[in-house]
Amino acid sequence: MKKKFISNCLERGYSPKLTNEVWDQIKAFAGYAFAKGHSASYAVESYQSLYLKKYFPLEFMTAVLNNGGGFYNIETYVHEIWLQGGKIEAPCINNSDHGNCILSDTVYLGLGMLKSLEFRTSHKILNERGLYGVFENFDDFVDRISIGIEQLIILIRIDAFRFTGIDKHQLLWEAHLKLDSNKTKSLQPVLFKQNKVTYDIPKLTTELVIDAYDQIELIGFPLCSRFDLINCNLPSNILASDLKDYINKQVTICGKLVTAKGTPTKDKRLMHFGTFIDVAGGYFDTVHFPKIAETYDISSVGVYFIKGKVVDDLGCLAIIVDYIEYLSMIPDPRFLDVNTNAKLI
């Protein structure tokens, strides 16, 4: 092929130098080029995916979640659903499936998203609901599902019984009072249900921070904005959309870390390229040269305060970071002494 290519080029009047340069480029490309079948099939798949993401964004992102995500963490794909106008709901015993499902513009996270919930528990709930209908209330669920107290607590903590209108802290008390862990439950259907004993439980209410910590533990991320969980006032109100007005200027901005990619420099030092989300949900990129990357750690998931210079590289804006600081979260109030405001040991 090489002899034929060179011969044909020379016959057409091209110089030997140009001919050999072109051949070297073709030869180099052959080292990493895809076969035609691969190239064509990936082109078709990319086009189809782009069409679905454009015209069916909520369905597309829900499918991505059910496929285990991708390059980014699950929280980032959930954020994308929110950006596309979707609503995100925690797992619900009456609306959720094992995988994530979409009803109108609401995406219900699946029971399978709960890290400690056993598959057989999820299967029992879905099978019972499919055969005999949705659960009317908490007592109805306890009567129909044979479940251990530990598994029931997981469902209560994620607020899977919120349709009852009863605060989850009250339900935790009821679960311990009504569920007899020492009694083996009969598998036979009950013809006449016994009246449940009603206990006089003090009025209890949860709060956003407690719910967020439960969600982080049980599904890996909070369903509220992480900016609502920082333990200080937001130090900067600049948004990603404002950066175009600060090219070649110093800015301060707050962002939730999406991902950070480390790469070695010529002198074998490590630098980072970061991606963050601002308080309004917009994305912006950062560059951390070795001195900054070695000084300031960005391994923790959460919100950061960033100082740096905005640069424009062929229309792509980025912040060359001079300083970055992790903003601590509000502590879980359940582990604080209300009298001393100090963490209990």
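**Exercise 1. Arg120 and its partner**

Start with Arg120: work out whether it is buried or exposed, and which residue it forms a salt bridge with.

*Solution.* The model is predicted, so we read everything off computed coordinates.
- Step 1: Arg120 has 59% relative accessibility, and that makes it exposed, the cut-off being over 50%.
- Step 2: look for an acidic partner. Glu118 makes a salt bridge with Arg120, with the closest N and O atoms 2.8 Å apart.
- Step 3: check the partner. Glu118 has a relative accessible area of 33%, so call it partly exposed.

**Exercise 2. Follow Arg144**

Find which residues form salt bridges with Arg144, and say where each partner sits.

*Solution.*
- Step 1: one partner is Glu128, whose closest N–O approach to Arg144 is 2.9 Å. Arg144 belongs to helix α7 (residues 138-144) and Glu128 to helix α6 (residues 119-132), so this pair ties together parts 16 residues apart in sequence.
- Step 2: Asp140 is another partner, again with closest N and O atoms 2.9 Å apart. Here Asp140 and Arg144 are both in helix α7, four residues apart, or about one turn of the helix. That spacing makes sense, because an α-helix has 3.6 residues a turn and residues three or four places apart point the same way.
- Step 3: how accessible are they? Buried means under 20%. Arg144 is buried at 18%, Glu128 is buried at 15%, and Asp140 is buried at 8%.
- Step 4: zoom out. The whole structure has 13 salt bridges. Among the residues involved, Arg157, Lys168, Asp211, Asp214, Glu217, Asp332 and Arg334 are linked in a network.

**Exercise 3. Place Ser96**

Locate Ser96 in the chain, decide whether it is buried or exposed, and list which backbone atoms its side chain reaches.

*Solution.*
- Step 1: Ser96 sits in the loop that runs between β1 (87-89) and β2 (101-103).
- Step 2: its relative accessibility is 0%, so Ser96 is buried.
- Step 3: the Ser96 side chain reaches the backbone nitrogen of Cys92 at 2.8 Å and the backbone oxygen of Leu109 at 2.8 Å.
- Step 4: now the surroundings. Leaving out neighbours within four places in sequence, the contacts of Ser96 include Ala90, Pro91, Cys101, Tyr108, Leu126 and Arg129.

**Exercise 4. Draw the sheet**

Sketch the open sheet of three strands: what is the strand order, and which strands are at the edges?

*Solution.*
- Step 1: the order is β1-β3-β2, and the pairing is mixed.
- Step 2: β1 and β2 are the edge strands, each pairing on one side only.
- Step 3: add the twist, which averages 30° from one strand to the next.
- Step 4: zoom in on one pair. β2 and strand β3 (residues 106-108) run antiparallel and are joined by three bridges. Ile102 stands opposite Val107 in β3.

**Exercise 5. Size up helix α10**

Compare the span of α10 with what's expected, then say which of its residues are buried and what covers them.

*Solution.*
- Step 1: α10 (residues 208-219) has twelve residues and reaches 16 Å from first C-alpha to last, close to the 16 Å expected at 1.5 Å a residue.
- Step 2: the buried residues of α10 are Val209, Ile210, Asp211, Ala212, Asp214, Gln215, Leu218 and Ile219. Asp211 and Asp214 turned up earlier, in the salt-bridge network.
- Step 3: the cover over those buried residues includes α8 (149-157) and α9 (168-178).
- Step 4: look just past the helix, where Gly220 takes a positive phi of about 100°.

Key:
Residues numbered from 1 in each chain as written. Predicted model: local features only at pLDDT ≥ 70, side-chain atom pairs only at ≥ 80, totals over all residues. Heavy atoms only, no water. Helix = DSSP H or I, 4+ residues; strand = E, 2+ residues; numbered from the N terminus. Buried < 20%, exposed > 50% of the residue type's maximum accessible area, 1.4 Å probe, protein only. Polar contact = N/O pair within 3.5 Å; in protein donor to acceptor, adjacent residues only side chain to side chain. Contact = heavy atoms within 4.5 Å. Salt bridge = Lys/Arg side-chain N within 4 Å of Asp/Glu carboxyl O. Expected span 1.5 Å × (residues − 1). Pairing = 2+ DSSP bridges. Axes fitted to C-alpha atoms, helices over the stretch in contact; angles between N-to-C directions.
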